[in-house]
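Please look at the model below and follow the path taken through it in the paragraphs after it. They move from the overall division of one chain to individual elements and end at the place where two chains meet.

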Amino acid sequence: MKQWEVVIGIETHAQLQTRSKIFSGSSTAFGAEPNVQANAVDLALPGVLPVLNRGAVECAIRFGLAVEGEVAPKSVFARKNYFYPDLPKGYQISQYELPVVVGGKLTITLGEGDAAVEKTINLTRAHLEEDAGKSLHEDFHGKSGIDLNRAGTPLLEIVTEPDMRSSAEAVAYARALHALVRWIGICDGNMQEGSFRCDANVSVRPVGQQEFGTRREIKNLNSFRFMQQAIDYEVSWQINEIEEGRAIQQATVLFDPDTGETRSMRTKEDAHDYRYFPDPDLLPLMIDRDWVARTRADMPELPTAKKQRFVADFGLSAYDATTLTASLDIAGYYEAAVAVAGKGAAKPCANWVMVDLAARLNKDGLDIASSPVSAAQLGGLVARIADNTISNNIAKKVFEALWAGEGQSADEIIEKQGLKQITDTGAIEKLIDEVLAANAAMVAEFKAGKEKAFNALVGQAMKATKGKANPQQVNELLRKKLAGA
Amino acid sequence: MIERSLKSLAAALAGKEISSVELTQTYLDRIARLNPDINAYITVAPEKSLAQAKAADARIAAGQTTALTGIPLAQKDIFCAQGWRTTCGSKMLDNFVSPYDATVIERLNTAGAVILGKTNMDEFAMGSSNETSYFGAVKNPWDRDRVSGGSSGGSAAAVAARLAPAATATDTGGSIRQPAALCGLTGLKPTYGVVSRYGMIAYASSLDQGGPMARSAEDCALLLDAMAGFDPRDSTSLERPADDYLRDLERPLAGLRIGLPKEFFGEGCDAAVMASIEAAIAEYRKLGAETVEVSLPNMKLSVPAYYVIAPAEASSNLSRYDGVRYGYRAPEYADLNDMYAKTRAQGFGDEVKRRILIGTYVLSHGYYDAYYLQAQRIRRLIADDFRTAFKQCDVIMGPTSPTTAFKLGEKIDDPVQMYLFDIFTLGVNLAGLPGMSVPCGLVDGLPVGLQLIGDYFSEARLLNVAHRYQQATDWHLRRPAGLD
């Protein structure tokens, strides 16, 4: 049986987070009544002209810098001509021969923990273009409605080289890209609202063959799960076709989540001739080095750099560093917590953010940006663990109290609820004496060699102080006492 | 009153010799009487015009006037004007009432000018004789069996027939200069980017340019002052300080270097027309100008280059007329594609369809390099020719059109002959230069136009050169007979 290699390239349409449209002043807010956010330019009334929104260009520059691509000093808007009712001008303003970003790369991580491997996905280009409106086929009794609110929304189309070799790689790439565009603040990444849509170009070839197989393009994948399912189905379909002796025809296909299958929408024969040509209504887009430099200065530290710094400066493991740089919000929260707790407490801060906070947020279905416990509060809490004011167990109580809003800071709650750890040796010795006196049976068991009894005695001592005694001191003093008794 | 210059009308209005309402009514009466035959206007709306005139009179009474306050003007029906039917000469937009003002309209409204009506034009500005208009051909007031020229034939006929003191027009390949020549008027096509294209319905975006059409250079200067200026809504509008187009009008012409391209003075131009041109140049020599022979070797390529680039852009610009959102929609259709096909087949005339087909073809996969890119290369060569010529001279002169106005119906069935009629004007648009046409004679009772071409942004100089000639001659004061 032949071995097959899968080849995948991804095209992503990321809606840019500008307040107004790419060539008009209309709002880009989602969810308004149909056509209320469509002005004369969006409606393509006779005589109107496009004016480029520099905010959209700014987004493209940010992206180019983030993926280490070349931000083109000169790029050109071109018209892509085709008729469709939700395309008001009868052409889409896009970029064709000269895109705004050339090249670039994105590193993806495959597998988890120690088995994780990295792979670089090369980008071909990224270009600016306008979105079309929407055709509404329901509720109009055999007719179609047109909503032009979305028409003219700025998009960045990001195109990869055919570098991915499995659906898992494709999904890893899509996830990494999704995280990056949100990280640099150019796209909200809302896949349900269509802010981030992927097309996958899929082909297969016998392992060892140089030439690519004929590709089919799966359009409009709007979730990572569907992407995986669609590619897996498409791959097995293509292999089956070839093995049955049928050649693959270049085609555009749609994925049906209900059946889990892909089906052909149009083949190469009925592909459009888009008659691209430079848009004479817009001057070439010139981006000078100053603009790039200003944008660079305004960029957040990128995830890769931040990850490396977390490892180098905070001594985190690569895995922890990756988890804490999953989004700008998480990384920002973590760094703010460390800033309060102190660099020495960076590791416990990481654990608190990744484990305790994550679990609590998950329980209430919240994201970190809306956490009731602020980064400063969590940092203050971790600081009190680090300086032995409270134990880890008490800290969990304090955390719950902070979550419930019972105080402004860990210190306030510790003070108010008297949770300060008992570290006075005399006080602990006195306590241990009481525990030993009250638990003669356990002492006897311990002396008979039952190590378990020691833990029970520790438990009794902790219980007597409502957990406030320093556990380490309790351990040490108890050993000493038992040895001497 | 109808023979007076804009400046003199402004003085009459300011001096309360006449009110704007009276002046506007005078023209509306003439339009009612003469337009049914001449067909210069597609739309007149007296109540709208008179309301504007009334507002202008109030401004005049309050002493808040500009050079154009209260002056009625004809607007080419290519400019969107809020509340006005704006057809662009097409059945496709027969029912379109614009909800917004073109920048040119907005500027003229702000200046206090009155819109007399919307003038006839070749459909979507595609034509050289005004015979492609859905609203019928315009008759040349000098001879009503002849064409008024195109595409701004309605504006030209309106001014020539004294149905307006001046008009706006647009020029993509000669559409201001050629009808001005054929109707005995002065017209100016500015440097590309000087007048905003916002709200000016696009034919060929990289060539289209609005400008004034009037009886004299001085009137054109006044009008251009109000029309021109940077517009942030047009990305191809030039961001430069506002020019004063009146500043150089009186400058003496001594030492002016006139370039005479040998390609303008060879074959292809009617002998009597050429004699008028030669006489005009002799007049300029008398005024102190020198002449020098220059060459525009690629001029003959301007026709093929233009008829690739303009249709290419038009094929895309006119895609928005699809029957979906506004304008004409075929009454019956089977499905979406049928709706598109029938709407566009029924809504567009033959010449528009011809150019959409040519444009679609030259942009198609496999033909783009051979046609569109090649035409762009020729365009650069033509611009280079002018650049070279302007090293030797200040202004280029020659005929605007090879003949005087031809007969209605004479060329309409022969597109190539019609296209070749624009041989002297197309290069100016391809290069983006300013150009004028100035009346310089009559041949068999029909006007001849002298074309002046200047370097980029030399509008003030061109107007000066035209104005001094008009002070020395009276061709621009001649008027067609039988208009009273």
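Chain A is divided into domain 1 (4-291), domain 2 (301-416) and domain 3 (425-484), with bounds that come from an automatic or database domain assignment. Between domain 1 of chain A and domain 3 of chain A, the C-alpha centres lie 66 Å apart. This is a predicted model, in which local features need pLDDT of at least 70 and side-chain atom pairs count only at pLDDT 80 or more, while totals for chains, interfaces and linings use all residues. Residues are numbered from 1 along each chain as its sequence is written, and chains are lettered from A and ligands numbered from 1 in the order in which they are written.

A good place to begin is strand 11 of chain A, which covers residues 154-160; strands here are DSSP runs of E with at least two residues, helices are runs of H or I with at least four, and both are numbered from the N terminus. Five of the seven residues of strand 11 of chain A are buried, so this strand is largely enclosed by the rest of the structure. A residue is called buried if 20 or more other C-beta atoms, placed from the backbone, lie within 10 Å of its own, exposed if 12 or fewer do, and partly exposed in between. Strand 1 (residues 4-15) of chain A runs antiparallel to strand 11 of chain A and is joined to it by five bridges, where two strands pair if DSSP finds at least two bridges between them. In this pairing A:Glu11 stands opposite A:Val159. Strand 8 (residues 117-130) of chain A is likewise antiparallel to strand 11 of chain A, through seven bridges, and A:Glu129 has A:Leu155 as its bridge partner.

Next comes helix 8 of chain A, residues 346-364, whose 19 residues reach 26 Å from the first C-alpha to the last, close to the 27 Å expected at 1.5 Å a residue; the expected span is 1.5 Å times one less than the number of residues. Helix 8 of chain A nevertheless bends by about 35 degrees at A:Ala358, the bend being the angle between axes fitted to the seven residues ending there and the seven starting there. Its buried residues include A:Trp352, A:Val353 and A:Leu357, and what covers the buried residues of helix 8 of chain A includes helix 5 (303-314) and helix 9 (375-386) of chain A. Just after this helix, A:Gly365 takes a positive phi of about 65 degrees.

In helix 15 (residues 471-484) of chain A, 14 residues reach 20 Å from first C-alpha to last, close to the 20 Å expected. Here A:Gln473, A:Val474 and A:Leu478 are buried. They cover an arc of only 125 degrees around the axis, which puts them on the same side of helix 15 of chain A, the arc being that of the directions from the helix axis to the C-beta atoms. The face turned away from this buried side carries exposed residues, among them A:Arg479 and A:Lys480.

Finally, 36 residues of chain B are in contact with 25 residues of chain A, contact requiring C-beta atoms, placed from the backbone, that lie within 7 Å. On the side of chain B that touches chain A, helix 9 of chain B gives the most, with three residues.

Conventions
Contact = placed C-beta atoms within 7 Å.
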